Amino acid sequence: MDLSSINPVLLVAALMVASTPILLAAIGELVVEKSGVLNLGVEGMMIVGAIAGFIAAVETGSPTLGFLFAAVGGALLSLVFAAITLFFLANQVATGLALTLFGLGLSSLMGQGYQGIRPPLTSKLDLGPLSDIPVLGTILFSQDAIVYLSLATVAAVWAFLKYTRAGLILRSCGENAEAAHALGYKVKLIRMAAIAFGGACAGVGGAYISMVRVPQWVDGMTAGAGWIALAIVVFGAWRAGRVMVGAYLFGGVTVLQLNLQAAGIKIPVEYLSMSPYLITILVLVLISAGRARALGAPAALGQVFHASR
Amino acid sequence: MHFKSLLAALALAAAGPALADGHEKTTVGFVYVGPIGDGGWTYEHHQGLLAVEEEFGDAVETTFVESVPEGADAERVMTQMALQGADIIFTTSFGYMDPTINVAANFPEVVFEHATGYKRADNVSTYSARFYEGRAVQGHIAGKMTQTNQVGYIASFPIPEVIRGINAAYLHAKRVNPEVEFNVIWVFTWFDPTKEADAARALIDQGADVILQHTDSTAPLAAASEVDGVIGFGQASDMAQFKPAPRVSSIIDNWAPYYIERVRAVMDGTWESVDTWDGMDTGMVEIGEITDAVPADIKAEAMDMIAQITAGEYHPFTGPINRQDGSVWLAEGEVADDGTLLGMDFYIEGLTGEIPN
């Protein structure tokens, strides 16, 4: 056993890469839930984003276009959910689950013929001398653009919800849709915009898996990342900063267990493999035991809104 | 009606139309553990299926199901195939062993071929390849090529086949480079590109500059290609899209001749239950092109080793070899017997860490 063979700087850099897909999906879902909609279809939107981005990147040779198409693909799929729940007033939980199943099937169909192909590599941002700074350079200044995009998204969502009038309106739809409607706000349009944003974020998160983290297309390759993202929104008590902490904690444990194994730590592998899930459950229990009521779930979360009510 | 005869009747009914047009086709089924596009293990088995189609043309009808989990689902898929009139079913992963035996007991008229298992029956054959012969060659190249003396090994499940591979690679890396160390990560999956890529990155971050893998996707090679100076090997298939580096060589499983032979035996009515374990001598194990990223002298040594193994002059497990605890396994000049190799559950001397159970 040799802990010194683990380089903490590289470990942190690696955990940021491992966490980025769930962070993106979770921050998108946070906005959706803040508007009062519970979309359980994150996994489906991620996998459709993964294949849409992959196809676009392979066909055009441009990773940037790939991520753009991934965002569009995820958003388009989420609009199916929006139409069914907002205008046909279907149950959000059931529709979200159906969206995941639909997304998995659709991505598998779209992906026929794209297996075993190498996508164009997403290059790391060249930040010049900044990336030569010891420790910080490797962690902060030598990642690819999507890692920075995910961090910027977290900051933007946080500021939007906390400081802007539009953010206040969006939150009011999630707390009391009738009141927001009475004040003259278009609840359905606002929720639809939030759902599309969530879909776009999930799509980019999925594409990060198929284009950067693996990079390859495989059926069902998101492998439950969407569900983890949903759990992290709860874990983060519907706050952007805490969602980021949760995502990095989860990604960190995943990467750490592989590093501990490589360093030859004598803990049975089975315990290491389940540790990310155990820690997620543990923290969820700790958080909800003390202050379940103050957890901060939007009051109207999951409720169907119709102006006639 | 008895359950088994009911199944037999159903199977006959399913085969009926084929008999009716006076042109009986032999139906060949394949059960795959991964997608046919994995670029590795399942891809090569599927190449075998295509070779069978090419060989027999209209005389055969093939069917396959991909990404079948090892467990209850596998039994369901095999039963379905047998009910739909398959004459021979190839089940191509170690974890299908018990499901194959169970389903075969219900369909005595259908013959089964299970890859890499050890349980047989009157209508169940087993077949596998001596991958350790290929791993010995890769280990030799790995030992010679590593600059950091750290070799990373991504292992799937702690079964004899995988442990044998680690031992064979380590033994031959150690022989040419006494300083070499192996880091083994167990990922407990045959095919999970995200996990395989993360494992490869963890190994590289800790100083490994050679990655060996016993998992089925190209993800570790993709991860290796991001870092200069790191090399890897194709697993089960050529993985040519990563040539000439990081993929410097490859172990290729060539199942096609075996599949053609066994399907022909079914057509001739000469099929019987056998246990096949072939290696480089019959071409079931091939070594893919050793690229120019490997210096000429190392390449020549590797080619020489391939020639010796192919000719039967050299067995990769030739003593003296000790077990991890220092006890003697093989004395000087002694060659491992197949029984011990098939049940190998120990590391050889010099490997660190423990095998999970």
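In this predicted model, A:Tyr148 touches A:Leu125, A:Leu127, A:Leu140, A:Phe141, A:Ser142 and A:Gln143, leaving aside residues up to four places away in sequence. This tyrosine belongs to helix α6 of chain A, which runs over residues 145-163. Is A:Tyr148 buried or exposed? The answer falls between the two: its relative accessible area is 22%, and A:Tyr148 therefore counts as partly exposed, since the buried class ends under 20%. A further residue helps to place this tyrosine in the chain. A:Tyr148 and A:Cys201 are separated by 53 residues in sequence, and their C-alpha atoms lie 14 Å apart in space.

A second place to look in chain A is A:Ser62. This serine sits in the loop between helix α2 (42-60) and helix α3 (63-87). What does the side chain of A:Ser62 reach? Its partner is the backbone nitrogen of A:Leu65, at 3.1 Å. Not counting residues up to four places away in sequence, A:Ser62 also touches A:Ala57 and A:Pro120.

Helix α10 of chain A, residues 225-235, gives a view of a mostly covered element: 8 of its 11 residues are buried. Which residues of α10(A) are buried? They are A:Ala225, A:Gly226, A:Ile228, A:Ala229, A:Leu230, A:Ile232, A:Val233 and A:Phe235. The backbone just after this helix also deserves a glance, as A:Ala237 there takes a positive phi of about 50°.

From these local views, the description can now move to chain A as a whole. Its secondary structure consists of 12 helices and 0 strands, so that reading along the sequence gives the pattern α-α-α-α-α-α-α-α-α-α-α-α. How does the overall size fit the length of the chain, and what radius of gyration does chain A have? A compact globule of 309 residues would have a radius of gyration near 19 Å, and the 20 Å of chain A agrees with this. Along the principal axes, the C-alpha trace of chain A spans about 65 × 50 × 40 Å. Buried residues account for 52% of the 309 residues in this chain. Among contacts in chain A between residues at least 6 apart in sequence, 78% bring together residues at least 24 apart.

The surface and charges of chain A complete its portrait. The accessible surface comes to about 13,000 Å², and carbon and sulfur atoms supply 72% of it. Chain A carries 16 positive and 12 negative charges, whose mean positions are 15 Å apart.

Chain B can be described in a similar way. How many helices and strands are there in chain B? This chain has 11 helices and 14 strands. Its radius of gyration is 21 Å, close to the 21 Å that the globule rule gives for 357 residues, so chain B is as compact as a globular protein of that length. Taken along the principal axes, the C-alpha atoms of chain B fill a box of roughly 65 × 40 × 35 Å. Of the 357 residues in chain B, 57% count as buried. For contacts in chain B between residues at least 6 apart in sequence, 66% link residues at least 24 apart.

Finally, the accessible surface of chain B comes to about 13,700 Å², with 50% belonging to carbon and sulfur atoms. Chain B has 19 positive and 53 negative side chains, and the centres of these two sets are 2 Å apart.

Note on methods. Residues numbered from 1 in each chain as written. Chains lettered and ligands numbered in written order. Predicted model: local features only at pLDDT ≥ 70, side-chain atom pairs only at ≥ 80, totals over all residues. Heavy atoms only, no water. Helix = DSSP H or I, 4+ residues; strand = E, 2+ residues; numbered from the N terminus. Polar contact = N/O pair within 3.5 Å; in protein donor to acceptor, adjacent residues only side chain to side chain. Contact = heavy atoms within 4.5 Å. Rg over C-alpha atoms; globule rule 2.2 N^0.38 Å. Buried < 20%, exposed > 50% of the residue type's maximum accessible area, 1.4 Å probe, protein only. Areas by Shrake-Rupley, 256 points an atom, 1.4 Å probe, with all protein chains shown as cover. Lys, Arg positive; Asp, Glu negative; His and termini not counted. Charge placed at Lys NZ, Arg CZ, Asp CG, Glu CD.
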